[in-house]
Amino acid sequence: MTRTVAIVGATGAVGRELRRLLAERDLPADEIRLVASERSAGTELTVRGEQVTVRALSDPDVFEGVDLALFSAGGGRSKEYAPQAVDAGALVVDNSSAWRLDPQVPLVVTEVNAGVLDQRPPRGIVANPNCTTMVAMLPLKALHDAFGLTGFTATSFQAAGGAGQKGIDELMTQARELIDDPELLRSDGAAAAKRVSHEVHAAPLAFNVVPKMGEVDERGYTDEEMKLQNESRKILGIADLPVTPTCVRVPVVVGHAIQVRATFSREVTASAALEVLEAFPNLLTDELPTPLEWAGRSETVVGRVRDDLVDPQALNLWVTGDNLLKGAALNTLQIAEELIARGHA
Ligand code: A2P
């Protein structure tokens, strides 16, 4: 059997990682089809050492003969085109938020709940979680299995790259504009903020932190924060899990970090927690894992594991992971591998 794999959004930040990982992980595919917007159609990109011409998503034949389509081109494109890919005979792994909460669509972190893929995905679509949720899932699953998770409070420190290449570009442009004027940054931050423009992030991000991603709901929580609650519940299979999320954008290029305070049904100590964390697949521990130093690594890493100061059934920990790798491209490919291993694609 020959297998054709399409990357939709091949020119984007996640698409670039997907192309690189496809070569590295040796996914069994005879043809890799690269798909992006009409702007990019006709350009040549390298994948597995070969030049491939990018095709437009709007091309009516673009999914003909495709067995697996890996979508990373934004929610709007996924909503519209994933069903078209399925109709053309492909299984879709979608990296956007479009399908994640659909009860007919499995939402998968491979180390946590790959078992839900034993059954062929009923709509032909599997969803990849939000990159921040992803970083939290490995340690929380490890700790849940050992101590019984009853809730968590999470404050994220999310990289500009979580908003794609345009998020990185906006940060770098602002940083270049302001780097040589420390006096202005020190004495008149408002003037410094006015000097740069911003469209992707909710406020100027260089030399700043921005505690808002997406729209704010009637209770004051952002889209990004509600993803952390809703996706965590679905992935861990705990329907009413109490989650208190605060999501913050920080001027890091790639690499999300999250401070988590988790509570459990049993008593927990930092040393007992470290033991279960270290035994979990693709999860490492380190004294001080910073996003910069862990960017480009495929593992999720936990540090600063501390007993809670008041509650023997609570634990504080710091988690870091590359939002473009495990947070997006790597987990997408791992899902593709699980689908192939089960004979679905
Ligand atoms: P293009 O480069 O042709 O615009 P990022 O998340 O880094 O911003 O990347 C977004 C990806 O989604 C890019 O590959 C981009 O392609 C693709 N994309 C954006 N808009 C469309 C569209 N309307 N149709 C198809 N692909 C799109």
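Let me begin with the ligand: 17 residues surround it, and those that come nearest are Gly12, Ser37, Ser40, Ala73 and Gly164. Please keep in mind throughout that this is a predicted model. Sorted by class, the shell around the ligand holds 9 polar, 5 nonpolar and 3 charged residues. Two helices deserve mention here, since helix 1, residues 13–25, and helix 5, residues 165–178, each contribute at least two residues to that shell.

I turn now to the interior. The largest nonpolar core counts 98 residues, and the members that touch the most others are Val8, Val35, Leu68, Ala69 and Leu70. Helix 4, spanning residues 131–147, gives the most to this core, namely 10 residues. Where does this core lie with respect to domain 1 and domain 2? It lies between them, because both domain 1 (4–129 + 329–341) and domain 2 (132–159 + 211–323) give residues to it. As general background, nonpolar side chains in soluble globular proteins tend to be buried together.

Leu70 illustrates the packing in this core. Leaving aside residues up to four places away in sequence, Leu70 touches Val5, Ala6, Ile7, Val8, Leu18 and Val93, together with Thr332 and Ala336.

Next, I would draw your attention to a group of strands. Strand 12, residues 283–285, runs parallel to strand 13, residues 300–307, and 3 bridges join the two. Within this pair, Thr285 stands opposite Val302 of strand 13. On to the next pairing: strand 13 and strand 14, the latter covering residues 314–321, run antiparallel and are joined by 5 bridges. Here Val301 stands opposite Thr320 of strand 14. The connection from strand 13 to strand 14 is a hairpin through 6 residues.

Finally, I should like to point out two residues with an unusual sign of phi for their type. Asp26 is not a glycine, and its phi is positive, near 60°. Asp26 is found in the loop between helix 1 and strand 2, the strand being residues 31–36. Is Asp26 buried or exposed? Asp26 counts as exposed, because it has 10 C-beta neighbours inside 10 Å, and the limit for that class is 12 or fewer.

The second residue is Asn282, likewise not a glycine, with a positive phi near 60°. Asn282 sits in the loop that links helix 9, residues 270–279, to strand 12. With 17 C-beta neighbours inside 10 Å, Asn282 is therefore classed as partly exposed.

Thank you for your attention.

Technical notes
Residues are numbered from 1 along each chain as its sequence is written. This is a predicted model: local features need pLDDT of at least 70, side-chain atom pairs count only at pLDDT 80 or more; totals for chains, interfaces and linings use all residues. A residue is near a molecule or strand if its C-beta atom, placed from the backbone, lies within 6 Å of it. Helices (H or I, at least four residues) and strands (E, at least two) are DSSP runs, numbered from the N terminus. Ala, Val, Leu, Ile, Met, Phe, Trp, Tyr, Cys and Pro count as nonpolar, Asp, Glu, Lys and Arg as charged, and the others, Gly among them, as polar. A residue is buried if 20 or more other C-beta atoms lie within 10 Å of its own, exposed if 12 or fewer, and partly exposed in between; C-beta atoms are placed from the backbone. A nonpolar core is a set of buried Ala, Val, Leu, Ile, Met, Phe, Trp, Tyr and Cys residues joined through C-beta atoms within 7 Å. Domain bounds come from an automatic or database domain assignment. Two residues are in contact if their C-beta atoms, placed from the backbone, lie within 7 Å. Two strands pair if DSSP finds at least two bridges between them.
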